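Trainee: I would like to learn how strands and helices are arranged in a structure. May we go through one together?

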Amino acid sequence: MFENVSRRQFVTGSAAAALALGLVGCGGNNGGDSAGDDAATSIKVGIMGPHSGDNAQYGLACLNGAQLYFDQLNADGGINGKEIETFVYDEKGDATEAVNAYNSLVQNDGVTGIVGDVTTIPSIAVAQASVADNMPCVTPSATAADVVTYGTNTFRACVTDPVQGVVMADFASKQGYKNVATLYKTGDDYNEGVNKAFCEEAESLGITITTQESYSDGDVDFNTQITNILATNPDAILLPNYYNEDGMIVTQARQQGYDKVFLGVDGWSGIYGGSENYADAADLHDCYYCCAFSASNESDVTKQFIADYEAAYDETPTNFCALGYDAAMVLAAGLTAAEEAGLEAGSEDYKQAVIDGIFASTVDGVTGSISYEDNGDPVKSSLIITFAEDGSEVTFDTIEA
Amino acid sequence: MDIFLSQVLNGLQLGSIYALVALGYTMVYGIILLLNFAHGDIIMVGAYVSWLVMAQLGLNPVLAILLSIVACTLMGVIIDKVAYAPLRNAPRLSILITAIGVSYFLENGAQLVFGADPKVVPAFTDISTINLGGLALSFPAVVTVLVTIVATVALTLLVQKSKLGKAMRAVSEDMGAARLMGINVNSTISFTFAVGSALAGIGAVLYAMAYTQASPTMGMMLGTKAFVAAVLGGIGSIPGAVVGGLIVGFAEMIVTWLGLSVWKDAVVFLLLIIVLIVRPTGIFGRTMSEKV
């Protein structure tokens, strides 16, 4: 989901910039004040991401989420009686800056774990740089497959794009759909990756893929593809695309008389009720998409998180705030294990203990329960979201990993 | 059979919108030999007016349709007066480059005013589907085809039967001679821009009805395809623009129907290349011999 920066999110994100910039300043001050502190009384953790520039809304959201978790942890007495001390670096969305920030965190600040990086390309650079140090890193949101492949020290809190295709295929099977068609945009890893993963999983579950139709960037007329799809009489149509195109496709398909199911993935987030309504509420019946976090989720964890976040930052948390929070939670689980083993902070044994601790624990985050098996890709549950008659989002189901 | 009829309707719908835009291109070219590259962007203005009237002001859809057409008409006339009229006697290259400049001005202006995000134009009616003997037809598609037929007939009558139409034909044949015969050339050219832009306004409403989103660059590809349609049919010819539009629409539909949607644009431009090689004047184009 990350390579595509939506301008809508950018606008909403930048509204929070002033607030969060203040926070970056605080982080810096903390670092300065604590230089003389006794290392044994605190656990040093780095938080990095793009806090200015084009991807700032993602970086700031992750930072706010992670900082909120560490603040709560400190209020509860920290880990092993030690306070978490955060060091915040803005890498401006640039890979070189990200590696510089990483080196500074490790060499100057002496951190024992990092929440970051946020976007794909800087995350890959940091993942490559951190292997030699075996430094535990948890990225909230980098979805590219590569990020966790360089060593065992990098984890992510989000799922990769293709996993969402698998989740929706499982959901389709659970709902009893026998014939499913797909309509996806070509030339984009996100859309193509989800489509491929969905089709493979669906066929292995005995679902017939009746047709796979495609379109190109910038297309607005999907009628011909829809006519092709309707001729195969599917029970459901998968649209693994972004909300504005999905909105047009849903509208045109309903105009052609299709009244059955649409399936989507997290690109659907914002199709209704955001800055614009990309489809009529009346057309959004029988639409289901999966995502990690929704404010419509009625679970206690989510409600508590939203209340805490709104109290701290005076705005409604997004998906990225929740992922930042969960990434901090994952790292804290590893740090707890290392602290309980009584190891010396910064030693090789300590870092390995953090990594082993993350592998050993299951974290109940706001984006679902997160655990790790073979590598840094999480095994986690997904929410299935649908729409009420007035277009508002409703959490329909949870698909366990 | 059902799929065949549905696909024909899809092709007709696409082709009709291209035809309406191509008519504007062809009329302006016919009278002052200008490829008005800003024409596609006039559609964009019309779609934004629909959005403003309905989504922002919450007014009646009928008012939105009328205001969109009026706004496009005025826009066309103003563009001619401000950007093209002062260059009437300048080399044709200057005025062509000005047209490209106007196009960029409109696109970036819209981005400045409305932002780069697409705006959603609300539905004009509650009807979205027409059931015809078990065959569900898209309401916007049916309306688009019908409106285009009416607009084309009306335009043909205007050009062939009315006095203003006669003046337009005279100016297009020989501007100097027309002026000597007492025809007000400037107002005739303005009238041509007004009619062409009004058709663009109708196109904008039909576009907004079918595709629901207005964005600053929506006129770019639409304008280019309509330009191809106008050249295919023979630029300057009214039936040529309609036939060209339908050919482009059907070509896109057939390519997509075959599951080759990625090749859609390539096929359209390949058609243009073939026509330019085989019959450079287009299907309905006349070769005019210049007397020395």
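Mentor: Two residues are in contact if their C-beta atoms, placed from the backbone, lie within 7 Å. Helices (H or I, at least four residues) and strands (E, at least two) are DSSP runs numbered from the N terminus. This is a predicted model, in which local features need pLDDT of at least 70, side-chain atom pairs count only at pLDDT 80 or more, and totals for chains, interfaces and linings use all residues. Residues are numbered from 1 along each chain as its sequence is written, and chains are lettered from A and ligands numbered from 1 in the order in which they are written.

Trainee: Across which strands of chain A does helix α8 lie?

Mentor: Helix α8 of chain A covers residues 223–231 and runs at about 175° to β7(A). Such angles run from 0 to 180 degrees between N-to-C directions of axes fitted to C-alpha atoms, for helices over the stretch in contact. The strands that α8 lies across are β6, β7 and β8 of chain A.

Trainee: Which strands stand at the edges of the open sheet in chain A?

Mentor: Two strands pair if DSSP finds at least two bridges between them. The 7 strands follow the order β7-β6-β8-β9-β10-β14-β15, with mixed pairing. Each edge strand has a single partner, so one side of it is left without a neighbour in the sheet; the edge strands are β7 (208–215) and β15 (393–399) of chain A.

Trainee: What is the bridge partner of Val180(A) in β8(A)?

Mentor: Strands β6 (residues 179–185) and β8 (residues 236–239) of chain A pair in the parallel sense over 3 bridges. The partner of Val180(A) is Ala236(A).
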